[in-house]
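Welcome! Below is a protein chain to explore, and we will walk through a few of its features together.

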Amino acid sequence: MNAIEADYLVVGAGAMGMAFLDTLVIETQARVVLVDRNHQPGGHWTTAYPFVRLHQPSAFYGVNSLPLGSDALDQVGWNEGLYELATAGEVCAYYDHVLRRRFLPTGRVAYFPMSEYRGDGRFATLAGTEYAVDVTRRVVDATYMRVMVPSMRPPPYEVAPGVACVPPNDLPRLPARERYVVVGAGKTGIDTCLWLLGQGIDPDRLTWIMPRDSWLLDRATIQPGSLFADRIKAAFTAQLRAVNDATSVDDLFARLEDAGALLRIDPAIRPTMYRCATVTRAELEQLRRITDVVRMGHLLRVDADGMVLEGGAVRGGASALYVDCTADGAEKLPAAPIFEPGRITLQSVRGCQQIFSAALIAHVEAACHDDAARNELCPPLPHPDTDLDWLRIARADYGNQLRWLDDAGLAAWLATARLDLFGHLMGHLLAPASAKPRVRERILRMARSALSATAEKLDRLMADELSCNPS
């Protein structure tokens with residue numbers, strides 16, 4: 001058994017682990033051991049399907065200290081006019097660069113790929129060498145918010161012999177099929193449908209198994225930089241107005257849709273799912289071209305002559321290619337304390353912004369000296385799953401933002417955090433007053449008041465909904 005001493009042992013070199021480590025290395029002199037089971041940093045990106053892209057602009061992804069991409073606008077395709085979305089290859093190359101050009105040269109980071117963590121500071125490499133890390137500060141669990149993609153596990157339903165069922169990873173290598181059945185309506189299912197349509201597959205050749213319809217975000221309202229400042233401010237103001245004017249949860253969703261804050265694929269069906277997926281209006285038009293959408297619950301079994309779902313059976317030919325897109329890429333796990341003696345469990349502290357959250361947690365670890373204060377600033381926020389989770393996420397985001405604005409040191413850090421989507425909005429709001437401290441403080445007071453009032457209204461809407469529908 002080989003012994004190593006380090007201040008921190010970070011388990012997992014995925015996106016959250018890398019964002020945490022980046023801030024920790026920059027803001028402290030800590031010695032860190034980084035252990036990961038993959039051959040390179042990037043987590044699920046190392047095994048993602050080849051046509052996957054970020055669902056958010058590259059500007060909001062990666063690590064705080066180094067931009068991802070070139071801040072270019074896409075000139076062609078269904079994301080045309082909006083900021084670029086990095087590919088899986090670009091993301092993996094970026095993380096490899098961060099590790100080898102920024103972390104390792106400090107001499108304070110020791111990296112062990114292809115290694116299995118066994119708990120209690122112990123891990124084993126691919127070659128069988130065993131290590132025990134004497135951790136003087138904390139073990140950082142960067143795997144709790146695990147991301148699962150279809151290539152990482154078999155389908156969760158039965159597939160009869162002779163029926164072809166593949167993860168999206170296999171699609172670019174396979175010859176064309178007469179019919180495709182896309183199973184799953186999350187981000188992966190959306191990506192797969194768009195890829196097939198982009199390859200010229202007629203929508204009549206597609207069947208989409210959609211257990212639940214989802215509310216979607218308009219990607220045009222999630223953009224960095226001054227080019228979209230007016231649009232972003234208008235969208236945020238419209239969201240606050242929708243909440244404050246709503247008379248019920250159903251009325252709120254109707255107002256959010258009217259304001260363009262939320263989108264849905266079929267205007268006739270009220271979504272019951274929300275997973276932070278984004279689309280452009282052009283992508284939404286493409287998805288609506290698929291008319292054979294099966295809404296009969298989850299798929300239970302694929303037979304040679306059709307499918308069995310929770311809501312019944314559907315006849316179909318054995319020649320179809322089933323594309324499994326059902327892995328829960330962002331599972332709604334129970335919240336756990338982030339800061340504990342000898343341990344940090346990385347989780348989201350802002351809705352759908354895991355990467356930013358990891359960087360903020362690292363800053364709070366470095367800047368604060370009391371776990372009670374740290375946990376007060378960083379209440380964990382489980383991933384959304386249902387439509388009502390939109391309200392829960394928004395309420396928590398407003399509450400957390402109020403906490404952070406009241407902490408002068410953290411507010412100053414947020415003002416320079418590249419990964420902070422809300423910070424881009426605040427920058428737009430405060431830009432006219434940047435040289436006028438009194439005006440700036442007045443705008444901040446107005447922002448605090450608006451966030452507080454909106455949070456209280458969301459509390460009332462959720463309470464009313466629970467009283468009417470206690471289940």
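How many disulfides does a search of the whole structure find? The search finds one disulfide, a term used here for a pair of cysteine sulfur atoms within 2.5 Å. Before we meet the pair, please note that this is a predicted model, in which local features need pLDDT of at least 70, side-chain atom pairs count only at pLDDT 80 or more, and totals for chains, interfaces and linings use all residues. Residues are numbered from 1 along each chain as its sequence is written, and side-chain values use heavy atoms, with hydrogens and water left out.

**The cysteines**

The partners are C276 and C352, whose sulfur atoms lie 1.5 Å apart. The pair links distant parts of the chain, 76 residues apart: C276 sits in strand β13 (residues 273-279), while C352 is in the loop between β20 (343-345) and α7 (354-367). Helices (H or I, at least four residues) and strands (E, at least two) are DSSP runs, numbered from the N terminus.

Two further cysteines, C193 and C378, belong to no disulfide. For C193, the nearest cysteine sulfur is that of C325, 7.2 Å away. For C378, the nearest one belongs to C368, at 7.7 Å.

How covered are these cysteines? Buried means under 20% relative accessible area, exposed means over 50%, and partly exposed lies in between (1.4 Å probe, protein chains only).

| Residue | Relative accessible area | Class |
|---|---|---|
| C276 | 7% | buried |
| C352 | 22% | partly exposed |
| C193 | 1% | buried |
| C378 | 0% | buried |

**Three strands in a row**

Now look at strand β16 (residues 306-309). Both of its faces are covered: G306 and V308 on one side, and M307 and L309 on the other, are all buried. In a regular strand the side chains alternate between the two faces of the sheet.

Which strands pair with β16? Strand β15 (residues 299-303) does so in the antiparallel sense over four bridges, and strand β17 (residues 312-315) also pairs with β16 in the antiparallel sense over four bridges. Strands count as paired if DSSP finds at least two bridges between them. On the β15 side, D303 has G306 as its bridge partner, and on the β17 side, M307 stands opposite V314. A hairpin through two residues joins β15 to β16, and β16 and β17 form a hairpin with two residues between them.

**Two helices**

Helix α1 (residues 15-27) has 13 residues, which should span 18 Å at 1.5 Å a residue; its end C-alpha atoms are 19 Å apart, so the two values agree. The expected span is 1.5 Å times one less than the number of residues. Helix α1 is mostly covered, with eleven of its 13 residues buried, including M16, F20 and L24.

Helix α12 (residues 437-468) contains A463. This alanine is partly exposed, because its relative accessible area is 43%. A463 and P50 are 413 residues apart in sequence, and their C-alpha atoms are 44 Å apart in space.

**An enclosed space**

The lining of the largest cavity is made up of F60, T221, I222, Q223, I232, L421, H424 and L425. Its largest share, three residues, comes from helix α11 (residues 421-430).

Note on methods: On a 1 Å grid over the protein atoms alone, a cavity is a set of points where a 1.4 Å probe fits but cannot get out, and a pocket is an open set with protein on both sides within 12 Å along at least five of seven lines; lining residues have an atom within 4 Å of a point.
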